[in-house]
Amino acid sequence: MAGIFLKSLILNHFRSYKKETLNFSSIGTVFTGPNGSGKTNILEAISLFSPGRGLRKSKNYENSRKPENYGWKIQGTFEGLEEVYELEVSFQESGDKKTSLDGKKTTQSKMNDLVKILWITPQMDRLWTSGALERRNFIDRITYGFYPNHGKFLLYYEKLVRERNELFRLGNYEKSWMDSLEVQIVNYGIEIFRNRSDTIQTLNKSAKVQENFPKPKLEILGENFINKDTYLMKLRDNRNLDNFSGRTSVGPHKSDLNLIYIDKGIDAKDCSTGEQKALLVSIILSMSREIVKLFGVPPILLLDEIGAHLDHERRNELILQLFALKAQFFITATDQSFFKYDYDDLNYVEILNKGGNSYIK
Ligand SMILES: Nc1ncnc2c1ncn2[C@@H]1O[C@H](COP(=O)(O)OP(=O)(O)OP(=O)(O)O)[C@@H](O)[C@H]1O
Ligand SMILES: [Mg+2]
């Protein structure tokens with residue numbers, strides 16, 4: 001098995017699971033079961049082995065099993081090329097989220113060095129019709145996969161922009177303070193612009209070799225500064241305007257993202273639901289290929305209800321491409337027939353729920 005592989009997962013008081021152990025031996029796992037049985041909860045738990053708030057973007061306390069509210073713990077045994085790693089993520093009601101590697105405290109970024117996890121969720125079906133913030137989050141998450149500093153730059157940048165806006169609110173600020181803030185904003189802002197644009201170029205290039213799925217082309221909309229001086233000048237020129245609105249009117253926090261189905265020349269928002277899903281699949285496959293090139297190992301893929309809008313041929317094609325990537329993947333499906341293919345490396349796990357407690361059949 002190439003790369004890193006989740007061998008077992010223990011869920012402790014996590015959402016609908018009181019205590020459950022799952023063992024994985026195949027490269028692909030399909031979780032089946034009725035609505036509300038607990039399929040997505042498993043994918044969410046796995047997603048928490050990556051930095052951030054997981055695929056539902058939940059607050060830590062929301063994951064605590066109700067009504068007990070004891071907090072929760074997720075343990076994963078990962079098999080790498082030569083080693084086995086024990087990752088644990090836990091949360092207690094009175095504290096913060098904790099992460100540990102082989103029993104020792106670790107950071108989210110170290111966890112990210114070890115295992116990369118990508119996902120597609122049904123919520124992303126609304127990506128192209130919702131607000132620009134959702135799309136920025138989407139591209140930033142992808143960018144973070146390639147540039148581990150990207151998340152940190154974003155946090156610093158956002159803090160500095162908040163400070164600049166606060167100066168406008170207070171009024172009568174010291175000019176030298178504003179000058180220095182704007183220089184720092186530009187230093188981080190330019191990195192964010194560059195990381196995003198490099199990521200998009202890489203993905204667009206990679207998408208050209210994509211077969212049997214629509215070829216996507218991503219593009220950043222809005223002002224995209226590549227020169228520090230021009231960017232700084234623009235910020236200074238806009239001071240009066242920004243003072244009036246109390247907001248910073250230029251920068252990476254104003255960008256938007258567009259996706260085009262190249263062969264048709266149509267924006268994703270005007271594509272059919274199935275086509276939009278297939279475009280997202282294309283992006284995630286490109287990203288996985290590039291991660292293999294960069295880091296030598298494929299990511300783990302979480303595909304929540306991925307079959308719902310894909311036709312039979314595309315579903316089969318997806319499985320074949322995932323096998324080719326050697327990326328461990330987890331799929332959920334209410335309907336078992338969606339992924340009823342006779343591949344040795346595809347395993348089916350049925351999830352049931354009794355009295356609010358999820359379990360493996
Ligand atoms: N904190 C919590 N404590 C207890 N139960 C929870 C908690 N959060 C969510 N649940 C329950 O977990 C159950 C399973 O949710 P999940 O989203 O995993 O279902 P699913 O199998 O993916 O269903 P669907 O097919 O509808 O997507 C739901 O019934 C939900 O009410
Ligand atoms: Mg679900």
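Six strands, with strands defined as DSSP E runs of at least two residues and helices as H or I runs of at least four, numbered from the N terminus, form an open sheet of mixed pairing in the order 8-12-13-3-14-15. The structure is a predicted model, in which local features need pLDDT of at least 70 and side-chain atom pairs count only at pLDDT 80 or more, while totals for chains, interfaces and linings use all residues. Residues are numbered from 1 along each chain as its sequence is written, and chains are lettered from A and ligands numbered from 1 in the order in which they are written.

**The open sheet**
- The edge strands are strand 8 (117–120) and strand 15 (357–360), each pairing on one side only, where pairing requires at least two DSSP bridges between two strands.
- Strand 14 (residues 346–354) runs antiparallel to strand 15 and is joined to it by 4 bridges, with Lys354 standing opposite Asn357.

**Strand 4 and its partners**
- Strand 4 is joined by 7 bridges to strand 1 (residues 5–14), antiparallel, and Asn12 has Lys73 as its bridge partner.
- Strand 4 also pairs with strand 5 (residues 84–91) in the antiparallel sense over 8 bridges, the two forming a hairpin with 4 residues between them.
- Along strand 4 (residues 72–79), Trp72, Ile74, Gly76 and Phe78 point to one face and are buried (20 or more other C-beta atoms within 10 Å of the residue's own, with C-beta atoms placed from the backbone), whereas Lys73, Gln75, Thr77 and Glu79 point to the other face and are not buried.

**Ligand 1**
- Helix 1 (residues 39–47) gives the most to the shell around ligand 1, with 3 residues.

Conventions. Buried ≥ 20, exposed ≤ 12 C-beta atoms within 10 Å, placed from the backbone.
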